[in-house]
Amino acid sequence: MKIKFLTFAFLATIVLSLSSCKSREEKVISQLDNLAERIEKHGKDFDAEDWEEALEDLEEIHENMEDCDFSKKELRELGRKEGKLFAIITREGAKALGRGAANFLGEFGAFAKGFKEGAEDNLSEKDLKEVEEDISDSFKSLEEELKE
């Protein structure tokens, strides 16, 4: 009786061991799907911390991929899913950058207006003209750098 039980336990262990890699591969594919879905649904509301977490999750998925033996079909599926995921990340990341730039420019605009008002009250016409030229030159330099 003990021999039958031990044989059964041994065979069950082998079967579970052989199937565990397959389930690991399916788990990686599922993790990638879940990450893509999370970013697609909620990416527009992500802050910097959320993006960092999402990229850490992606890094973990890539680490888990190293432990798997994917078939060619699974590799193609993963490639397709990663391509879609990166397109989503690019789209949502670009939107976030745009919102950040708009916020910065809005804040900078208010700062510039306040600076101008303060400068008019406290600087001579000559000093004000020099500051205006310096700021203008700075923006021209920045614009040229962005073109490169």
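D33 counts as partly exposed, at 30% relative accessibility. I begin with this residue, in what is a predicted model, since the partner of D33 will occupy much of this talk. The side chains of K81 and D33 meet in a salt bridge, with 2.8 Å from N to O. That pair links distant parts of the chain, as K81 belongs to helix 3 and D33 to helix 1, with their positions 48 residues apart in sequence. The side chain of K81 also makes a polar contact with the side chain of D33, again at 2.8 Å.

Let me now turn to K81 itself. Is K81 buried or exposed? K81 is buried, because its relative accessible area is 13% and the cut-off for buried is under 20%. The two ends of this salt bridge therefore fall into separate classes: K81 counts as buried, while D33, at 30%, counts as partly exposed.

Which residues does K81 touch, once those up to four places away in sequence are set aside? They are I29, L32 and D33. For I29, the C-alpha atoms give a useful distance: K81 and I29 are 52 residues apart in sequence and 8.3 Å apart in space.

K81 has a second acidic partner. Its side chain meets that of E77 in a salt bridge, at 3.7 Å from N to O. Here both residues lie in helix 3, four residues apart, which is about one turn of the helix. E77 is partly exposed, at 28% relative accessibility. Through shared partners, the salt bridges join D33, E77 and K81 into one network.

How many salt bridges does the model contain? The count comes to four. One of them lies within helix 1, where K41 forms a salt bridge with E37 and the closest N and O atoms are 3.2 Å apart. K41 and E37 are separated by about one helical turn, because they stand four residues apart in helix 1. E37 is partly exposed, with a relative accessible area of 41%.

I would add one further acidic residue of helix 3, namely E74. E74 is buried, because its relative accessible area is 8% and the limit for that class is 20%. The C-alpha atoms of E74 and I29 are separated by 8.4 Å, although the two residues are 45 apart along the chain. I29 has thus appeared twice in this account, once with K81 at 8.3 Å and once with E74 at 8.4 Å.

Next, the overall architecture. The chain has four helices and zero strands, and read along the sequence it follows the pattern α-α-α-α. Buried residues make up 18% of the 148 residues. The accessible surface comes to about 11600 Å², of which 58% belongs to carbon and sulfur atoms. As for how the chain meets itself, consider contacts between residues at least 6 apart in sequence: 73% of these join residues at least 24 apart.

We come to the nonpolar interior. The largest nonpolar core has 18 residues, and those with the most contacts inside it are V28, L32, L35, I39, M65, L78 and L85. Which helices each supply at least two residues of this core? They are helix 1, spanning 2–42, helix 2, spanning 48–65, and helix 3, spanning 72–122. Helix 1 gives the most, with six residues.

L85 shows how these residues meet. Not counting residues up to four places away in sequence, L85 touches L32, L35, A36, I39 and L58. Of these, L32, L35 and I39 are, like L85, among the residues with the most contacts inside the core. L32 also connects this part of the talk to the earlier one, being a residue that K81 touches.

Finally, I turn to the surface. Where is a nonpolar patch found, and which residues form it? I135, F139, L142 and L146 form such a patch on the surface, with about 390 Å² of accessible area together. L146 lies in helix 4, which covers residues 125–147. L146 is exposed, because its relative accessible area is 66% and the class begins over 50%.

To close, I return to two residues that stand in contrast. K81, a residue of helix 3, is buried at 13% and is joined with D33 and E77 in one salt-bridge network. L146, by contrast, is exposed at 66% and takes part in a nonpolar patch on the surface.

Methods. Residues numbered from 1 in each chain as written. Predicted model: local features only at pLDDT ≥ 70, side-chain atom pairs only at ≥ 80, totals over all residues. Heavy atoms only, no water. Core = buried A, V, L, I, M, F, W, Y, C linked by side-chain atoms within 4.5 Å. Buried < 20%, exposed > 50% of the residue type's maximum accessible area, 1.4 Å probe, protein only. Contact = heavy atoms within 4.5 Å. Patch = residues over 30% accessible without salt bridge, like charges linked within 9 Å, V, L, I, M, F, W, Y side chains within 5 Å. Areas by Shrake-Rupley, 256 points an atom, 1.4 Å probe, with all protein chains shown as cover. Polar contact = N/O pair within 3.5 Å; in protein donor to acceptor, adjacent residues only side chain to side chain.
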